[in-house]
Amino acid sequence: MRPLLRPALAAALAIAALAACSGDAKPPAGRWQGVYEDAGLIVVARLEIDPKGDIRVSAPNAIADLAAMSENDRAGLRTRLLGELAQSWKKVGTLPLEFDGKNFHKPGGVAPQLQWDARAGHMTMIYYSGNRASVRVPLDPVQQFDNADS
């Protein structure tokens, strides 16, 4: 009879593990924003998750030869993107995402759109572009967004 107990225990553990990853986790409520920049890309991002779990995210970006631009031109481009983000934020609708306790995915999707590290309290947005590798945009928690009426 003992050999039957092991498969039953293994099955119970597997069911518990699947339930833990079922996407029923409640996403963290808050606001985050961040900027990513490399030699060919600037991304400015804003994320808001309300207490009901509704998610709004926006990430204006510019793909250009930033290495060839002066620091003043790059700063002007960042400022323009941040201004566009602040101006358009009120019009940003909610985005349906599934949350498994760590990763946010499009419904039925596999690629993470956002990642939450609950232990460290860090949120990261993953920016995908068709012509380059994805980049991770670190987001900082904020009480209010810069230059915007929440």
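Visitor: Before we start, what does "contact" mean here?
Guide: Two residues are in contact when heavy atoms of theirs lie within 4.5 Å. Please also keep in mind that this is a predicted model.

Visitor: Okay! Let's try that word out on Q113. Where does Q113 lie?
Guide: You'll find Q113 in strand 7.

Visitor: And which residues is Q113 in contact with?
Guide: Setting aside neighbours within four places in sequence, the partners of Q113 are L97, F104, H105, K106, T124, M125, I126 and Y128. The side chain of Q113 also has a polar atom 3.2 Å from the backbone oxygen of A111.

Visitor: Does Q113 count as buried or exposed, and why?
Guide: Q113 counts as buried because its relative accessibility is 17%, and the cut-off for buried is under 20%.

Visitor: You listed L97 as a partner. Where does L97 lie?
Guide: L97 sits in the loop between helix 2 (71–88) and strand 5 (98–99). This loop residue is buried too, with a relative accessible area of 16%.

Visitor: What does L97 touch?
Guide: Not counting residues up to four places away in sequence, L97 touches I55, F104, H105, K106, Q113 and L114. If you'd like a distance as well, L97 and G108 are eleven residues apart in sequence, and their C-alpha atoms are 9.2 Å apart in space.

Visitor: Let me zoom out. How many helices and strands does the protein have?
Guide: It has two helices and nine strands. Starting from the N terminus, the order of the elements is α-β-β-β-β-α-β-β-β-β-β.

Visitor: Where is the confidence lowest, and where is it highest?
Guide: Helix 1 (residues 2–20) is lowest, with a mean pLDDT of 43, while strand 7 (residues 112–117) is highest, at 98. Over residues 4–23 the pLDDT is below 50, and that stretch has four contacts in the model beyond near neighbours in sequence. Where pLDDT is low, the predicted coordinates should not be read in detail.

Visitor: Good to know. What's the mean pLDDT of the protein?
Guide: The mean is 85, and 81% of the residues reach 70 or more.

Visitor: Now the inside. Which residues of the largest nonpolar core touch the most other members?
Guide: Those are L47, F104, M123, M125, V137 and L139, out of 19 residues in that core. Strand 1 (30–38), strand 2 (41–49), strand 7, strand 8 (122–129) and strand 9 (132–141) each supply at least two residues of this core.

Visitor: Which strand gives the most to this core?
Guide: Strand 2 does, with five residues. Apart from this core there is another one, of ten residues, including L85, W89, V92 and F145.

Visitor: Pick one core residue for me. What is L139 in contact with?
Guide: Leaving out neighbours within four places in sequence, L139 is in contact with W32, Q33, G34, A45, L47, M123 and M125.

Visitor: Q33 is on that list. Which strand does Q33 lie in?
Guide: Q33 lies in strand 1, and Q33 is buried, at a relative accessible area of 14%. Its bridge partner in strand 9 is D140. Q33 and R46 are 13 residues apart along the chain, yet their C-alpha atoms are separated by 4.4 Å.

Visitor: In what sense do strand 1 and strand 2 pair?
Guide: They pair in the antiparallel sense, over nine bridges. These two strands form a hairpin with two residues between them. One of the bridges joins E37 to I42 in strand 2. Strand 1 pairs with strand 9 as well, again antiparallel, over two bridges.

Visitor: Last one: R56. Is that residue buried or exposed, and why?
Guide: R56 counts as buried because its relative accessibility is 14%, and buried means under 20%. Its place is in strand 3 (residues 55–58).

Visitor: What lies 3.2 Å from a polar atom of the R56 side chain?
Guide: That would be the backbone oxygen of W89. You met W89 a moment ago as one of the residues of the ten-residue core.

Notes: Residues are numbered from 1 along each chain as its sequence is written. This is a predicted model: local features need pLDDT of at least 70, side-chain atom pairs count only at pLDDT 80 or more; totals for chains, interfaces and linings use all residues. Side-chain values use heavy atoms; hydrogens and water are left out. pLDDT is the predictor's confidence in each residue, from 0 to 100. Helices (H or I, at least four residues) and strands (E, at least two) are DSSP runs, numbered from the N terminus. A nonpolar core is a set of buried Ala, Val, Leu, Ile, Met, Phe, Trp, Tyr and Cys residues joined through side-chain atoms within 4.5 Å. Buried means under 20% relative accessible area, exposed over 50%, partly exposed in between (1.4 Å probe, protein chains only). Two strands pair if DSSP finds at least two bridges between them. A polar contact is a pair of N or O atoms within 3.5 Å; within protein, one must be able to donate a hydrogen and the other to accept it, and residues adjacent in sequence count only if both atoms are side-chain atoms.
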